[in-house]
Every structure is written in structure tokens, then in C-alpha cells.
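The following exercises concern side-chain packing, charge pairing and backbone geometry. Please work through each task before reading its solution.

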Amino acid sequence: ISSRVFIMAEVILERLVQTLENDQEQSLKEWNNDLEKEMLSGGGSQFVTTNNDSSEQFSSALNSAADRLYTSLLAVVSPGYVGNGDDSNEEADEVANEIQIDVNNQNLSFLSETLRAAGLFMRWYGQCLQSSLESVSNSAANPTARLKSEGMLLLYCKLLDDATLQSNNECPDTPRFASVCIFRATYGNDVVTASARKSFVHSIDGCTYLMRTLLKGDQPVPRIFSVVRNVHHLISAAPESIPKMEKTLETLTAAEFSVETEDGNDKKKYGLLGVLVATLAWALRSDPPFPGDPADRRSDLALEILRSLFAMDAGKPSMPLPSNDTMTQIGMMLCEILRLSNADVRVYQCKLAVVTLLLNAPGEYSGYLASHDGIKPLVNIMAYQLSTVVVERTANSAEDAAAVVPILLVLRKLCQSNSAVLQMVKNEVFPPELEDRFAEKGAAEMAKMQSDGQSKAKNMAPLDAPRGTVRWKLIRLMTWIDSSVKRSACELLWTLCHEDATEFVLRTGFGNAVYFLGNKGLVNMPAGVNV
């Protein structure tokens, strides 16, 4: 480690401690802005230590900063708080359970910035500092432990759920920063964070606080986004939280949306899936038109919901099947997104998330997409992704598979499920107006009586794949170095050719098709070639 970097990191911590000790709100805001900027630029990861003495010194500075954040948060929430000096963290429980927000007697803007600082501190340590310190000393205590204690988690939940804070227009970010602290306290795989996540789900019933906030209307989009990010994380890292969130929402919505009938109350319940889909619908359909100006975060919210829906579906066969109404609502939302213009990159990112979600879609969705103008946009996505990989990149990379495999798999799956969809996609890849010319070339090739296995043609190159066309790009991927890319492209083309070896060879060329067909045992492979 260079001395300059070490000194800079320690100065950052000393500046934080001094700012909190003197309750300097503006200075704390500047500290937050500076560290956030540094984190976004990657500068926060510059600290790497190789010296035990310096790591111990820096660990001490980290602990001092964490302790100061802890006591400052409790003091600003409970103005009469006086620390007892022990490390039991029981005082956090007391403050959380007795919390009463008074806009007249509490500095809510300072509370907001202190929460923000706590979240940034946990992020900085978890993303940048933790691995460096552990590489020097395995016995180094986690300085964020106090900020991730059960009492502090409860405090974050109470601040997120507090009605006074949620309706306060002068400091609207306080609940959001509390939500960010929940995320930073429970996101990670180290022992302290895993314990915090377990406590959040099982000990303090943190899911209830998240669900109550998620259901409340008229909230700033960044706050809803932060809550949904917590939901997404819990779905992935703590699947046992899903039933808890489901049960809480069903209870809350049954009370909220009960309808008086002759036989009594008709209690309509909504689970997690239904609430997320409803939130997605609001994000897409609220004014101004989606995605809004650059500061509008509804696209971030939509993207997080789509990823949450995928996380709920992926690898969780125990999840109950959604109702037909919910499935229809999801289909409507996905088609709405697919039909949006690609002019804004934020929209296109949402479309890619839709593609990922469709990987696990039921077969009947293909017909729904076809009848609601959802197929052509998917082909357009494939065309753009193909251009990105085949034309714009100068060499193969690990990003190739991530860019093209999902859309290739989705289109193949939809084509296999519905013959009408297959014809739609085929018409986009192999334009109908050019099929007469292709048929003539195909007939001439077959007249040569050159066959191999089940293929009655043996043209080495494609008969009709002009450079730059979608079919040319797809055929290029058939011999790509990445096996998943190669296989996905071949399988889609094979499906579009109705799994006919002769048509497959005519359209793609025997040289491109031979390995794939050899794997299927449809052509004779040269001696000594293993498939």
C-alpha cells in the first residue's frame, strides 16, 4: 500500500468522526457526496493493505467511525440519549422500541444525512475494504457489526415505516436512506451480514415493515425502488422470506381491499407477485410518459421489479402457481414494455430484463405475445444484440454469451411452442419476398444429387445470406468460439428450418451445419472427428 492512499483513507474516517461529533450537517452532506462520488468512480477500492501494523491502525479508525455513526444515529433519533459506553447494543433496541419522531424537536435533515452516511460506510467497507483487511488479519473484527445489530435493524425498520417521516416533504429521503441501511446491513455473505439477514427475516419480522411501505401510495419513486431492491435481495438470498412477505401482504390487502357483500365481507387478497406486478403497471403507466426525463427513476424501479419476478421464478419450484389474472397482467406489462421505443437506453435495458424473464415463461405465453404484437420487438432485440456481438466487437469475449444467448433461447422456445410464432420469426429472418429466389437456388443445388446422411444437399456456403443481414449474423454465430453461443444459434436456425436437415444445409451451408448435424447423428462425420 502506498502511504498516500492509506493516509487518504484514514483522513476520510477522521473527517467523518469530527463531523458527527460536532453535528455539522453541511459537512456531513459534503462527506457523503464525496464518498459516493468516489465509490461510483471506483476510487473507493484503492485501499489495499499489506502491512499488519497499518491494518491494525486502520481497523481502529474504522471502529471509531462505526461507533460514532452508531451513537450519532441514536442521539438524533432520541435527543435525550446518553450512551452507556458498553458494546451490548441493547440501547439500540430501547431507542428503536421507544421511537417517537417530532418534527419540531428533532433535526430530521441531520438524521437523513446520518442514515445516508451509515449506508455509505457499510457499502464502502463491504465492497472495498473488507477483503483487504481480511487478507492481512483473519482476526480483524468487522467494524460494521454495531450498525448491523438486531437493534439497529429494528431502528432502520421503524424509520422506514414511520408515518411522520413518510409524509414529511422537507426531508423526503429519510425513509429511503433507512431502506438503504437495511439493504447494506443484510447484503453480503460474511458471518456478520448473514447473521443480520437472518435476524431481519426471523427475529424482528423485517419483512412486515418492507411490505407495509411497499403498499403505501403517493411515495417518491427512489423510496419505492429502494424497498423493491430489498425485496429482490431477500428473494434471492433468503428464500424463506418469501412466504413471510406473501402472508403479510395477504393480511394487509385483505383488510385494505375488502368489499361489502350481502353475505359479509369479500376479502380480496394480493400476494407478493400481484403487488409487484401492480407496482410495475404504475411505473409504466403513470405520468409523465415512461421513462420520463433523465432524473426519473421509474425505469430503475421497473428493471428491479422485472429482476425480482425472475428471482421468484428461477429455481423455486415450490412457489404456488400465480392466478390466471396475475399471469395475464404480467403478459400485458411485458408486451407494453416490448412495444416501447428503443430510443432511450433505459427502456432497452428493461426489454433485456423482459427477455430474461421470458426464459422461464410457460409455453402458452407464445400465443399471447403473438396476439399482442410482442414477437416483432423480440426479433428486433435479437437483431440488435447480433450486431453488437458480430459487427461491433473486434474479438470474442465472455460478454458474447450474455448478450445473445438469452434472446436466442427465448425465440427458439416461443417458436417450438407455437407454429404461428415460428412462421413470424422465420419471416423476419428469411424474408418471404426472397423465398422464390431461394427456392430456385435450392432446387438447383439438390439437382446436383450431392447428399450426406439425411441432408439431400451439400452446398458448402449458405445459398442466400447477404452480408449484414440478420440471417448472415446468425449463421456467423454457428461457428463462434463460445460453445453456448454456437449451440443457441444452431438450435434456433434448426427450429426455423422445421428440423429439416436439407433445408438447414441449404440455408446455412454444409460447412457451418456439419458439426451440429453430426452431433444429432444426421450426417456422416469424417473419420477421426469426435462429436
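Three exercises with worked solutions follow.

This is a predicted model, in which local features need pLDDT of at least 70, side-chain atom pairs count only at pLDDT 80 or more, and totals for chains, interfaces and linings use all residues. Residues are numbered from 1 along each chain as its sequence is written, and side-chain values use heavy atoms, with hydrogens and water left out.

**Exercise 1. The nonpolar core**

Task: Identify which helix gives the most to the largest nonpolar core, and list what methionine 382 touches.

Solution.
Step 1. A nonpolar core is a set of buried Ala, Val, Leu, Ile, Met, Phe, Trp, Tyr and Cys residues joined through side-chain atoms within 4.5 Å; buried means under 20% relative accessible area, exposed over 50%, and partly exposed in between (1.4 Å probe, protein chains only).
Step 2. The largest such core has 166 residues, and those touching the most other members include Tyr156, Leu378 and Met382. Helix 5 (residues 108-136) gives the most to this core, with 13 residues. Helices are DSSP runs (H or I, at least four residues), numbered from the N terminus.
Step 3. With residues up to four places away in sequence not counted, methionine 382 touches Ile407, Leu408, Leu411, Val429, Val470, Leu474 and Leu492, contact being heavy atoms within 4.5 Å.

**Exercise 2. A salt-bridge network**

Task: Determine which residues are joined into one network by salt bridges that share partners.

Solution.
Step 1. A salt bridge is a side-chain nitrogen of Lys or Arg within 4 Å of a carboxyl oxygen of Asp or Glu. By this rule the model has 20 salt bridges.
Step 2. Glutamate 503 pairs with lysine 426 at 2.7 Å, N to O. Glutamate 503 belongs to helix 24 (residues 501-508) and lysine 426 to helix 20 (residues 419-429), 77 residues apart.
Step 3. Glutamate 435 and arginine 507 form another salt bridge, their closest N and O atoms being 2.6 Å apart. Glutamate 435 lies in helix 21 (residues 435-446) and arginine 507 in helix 24, so this pair ties together parts that are 72 residues apart in sequence.
Step 4. Arginine 507 is buried, at 4% relative accessible area, whereas glutamate 435 is partly exposed, at 24%.
Step 5. Through shared partners, Lys426, Glu435, Glu503 and Arg507 form one network.

**Exercise 3. Backbone geometry**

Task: Locate the loop that holds proline 288 and proline 291, and describe the peptide bonds concerned.

Solution.
Step 1. Proline 288 is in the loop between helix 13 (272-285) and helix 14 (298-313); proline 291 is also placed between helix 13 and helix 14.
Step 2. Aspartate 287 and proline 288 are joined by a cis peptide bond with omega about -5°. The bond from phenylalanine 290 to proline 291 is cis, with omega near 10°.

Note on methods. Helices (H or I, at least four residues) and strands (E, at least two) are DSSP runs, numbered from the N terminus.
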